[in-house]
Amino acid sequence: MKTRNVSILLAAILVIVGAVVAGSGRSSSEIPAPPAIGATIDEFTLPDVDGHDRAFKSLKGKNGTVLIFIAVQCPVSNAYNERMEKLAEDYQAKGVAVIGINANASDDAATVKAHAATKGLKFPILKDPANKLADKLGASKTPEAYFIDGNNKLLYHGRIDNSQNPDAIESNDLRQAIDSALGGKPIEKPEAKAFGCSIKRA
Amino acid sequence: MRFSHNLLSVGLIVLLASFAVPAQRKSRTARRAKPAPAKVSVEAINTDALKVLIAKPKDKPLLVSFWATWCDPCRDEFPDLVKIDKDYRPQSLDFVTISLDEVADIKTSVPAFLSQMKATMPAYLLDVKDPEPAINAVDPRWQGDLPATFLYNAKGEIIYKHVGRVNTVELREAIEKLIKN
């Protein structure tokens with residue numbers, strides 16, 4: 001009996017120590033790879049910042065939807081607040097919706113709601129508490145955008161543009177991708193990368 | 001029964017002792033006189049120079065940390081990285097840090113933070129208009145999320161990589177394995 005107790009104690013200590021010493025990040029290999037451009041994205045339902053479940057199909061745009069993984073505290077994500085809101089406003093009339101996704105375990109729904117109000121983000125924001133959508137899309141950082149057409153086909157994945165600094169934008173990759181798709185043209189650069197804050201996964 | 005009980009007890013003591021050793025080392029270090037913070041200079045690096053830095057033939061392994069002052073987990077992990085540099089540089093490890101801050105910060109917040117951390121490894125700041133070629137040059141599978149840590153062998157091959165706050169146990173194991181081989 002004593003041996004069994006010691007075994008349980010030792011196992012418990014090892015588990016606790018393992019959890020403490022392990023870093024909070026995940027190796028690149030542990031984050032699922034993003035779907036290939038052209039892949040169909042499954043329908044999903046996530047809670048909004050008030051805790052109400054919202055189905056993607058009830059929010060998506062007729063001509064496409066931009067999903068952007070965003071964060072409350074990430075300065076890179078925050079550098080794009082005005083640009084993201086402007087994007088949502090500019091493309092609403094063109095049948096393209098913008099949806100923010102917050103998959104950071106460190107940002108609770110109330111904080112996300114307050115942050116959106118303070119920063120003037122009027123587009124819907126969903127919480128991804130178990131990182132199900134982030135895992136499905138292979139999202140690893142904020143901001144990270146996905147443009148999906150009206151039939152849920154992934155057309156663009158990556159950065160919003162090339163620079164956090166609005167004065168240094170040289171390549172408006174996300175807007176160019178949307179404009180090409182809306183104009184029936186092939187998207188020249190369907191993937192583009194930039195630096196960002198890693199998503200604090202649950 | 002008794003033997004297995006004893007074995008488990010010994011295991012428990014060894015485990016606890018292994019955590020006590022770093023604490024002892026820390027207290028010894030703390031007793032030493034504190035040196036004045038070193039003046040840190042940060043060098044701008046472009047994509048081509050970065051490619052050369054990581055791919056050139058080396059006589060020892062190279063650890064590269066991509067970070068930024070605006071990145072909370074980057075700042076949080078920095079003391080661990082400084083400790084790793086101090087522990088392994090004498091055992092043939094090169095370590096460089098590459099900041100993704102704005103170029104305007106190259107003489108201000110970046111060296112100030114490094115100096116505060118007592119970081120003495122060579123420090124660079126990526127000076128590019130488009131970050132994508134640099135990200136892909138480091139690892140085409142990397143999306144650019146920070147912090148990111150890459151360990152290269154002497155041939156310039158990635159032996160270990162991690163995004164998010166570094167896992168020091170894993171990283172130290174990877175370094176030791178590389179140094180021993």
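**Exercise 1. Describe how contacts in chain A spread along the sequence, then its burial and its elements.**

Step 1. Take the contacts in chain A between residues at least 6 apart in sequence: 75% of them join residues at least 24 apart. Two residues are in contact if their C-beta atoms, placed from the backbone, lie within 7 Å.

The model is predicted: local features need pLDDT of at least 70, side-chain atom pairs count only at pLDDT 80 or more, and totals for chains, interfaces and linings use all residues. Residues are numbered from 1 along each chain as its sequence is written, while chains are lettered from A and ligands numbered from 1 in the order written.

Step 2. Chain A has 202 residues, and 39% are buried. Buried means 20 or more other C-beta atoms within 10 Å of the residue's own; exposed means 12 or fewer; partly exposed lies in between.

Step 3. Chain A holds seven helices and 10 strands. These are DSSP runs, numbered from the N terminus: helices are H or I, at least four residues, and strands are E, at least two.

**Exercise 2. Place B:Val103 and classify its exposure.**

Step 1. B:Val103 sits in the loop between β3 (94–99) and α4 (109–116) of chain B.

Step 2. B:Val103 is partly exposed because it has 15 C-beta neighbours inside 10 Å.

Step 3. Leave aside neighbours within four places in sequence. B:Val103 then contacts B:Ala44, B:Leu125 and B:Asp127. B:Asp127 is 24 residues away along the chain, yet the two C-alpha atoms are 6.2 Å apart.

**Exercise 3. Work out how β6(B) and β7(B) are joined.**

Step 1. Strand β6 (residues 148–152) and strand β7 (residues 158–163) of chain B run antiparallel, joined by five bridges. Pairing needs at least two bridges found by DSSP.

Step 2. B:Phe150 has B:Lys161 in β7(B) as its bridge partner.

Step 3. The two strands, β6(B) and β7(B), form a hairpin with five residues between them.
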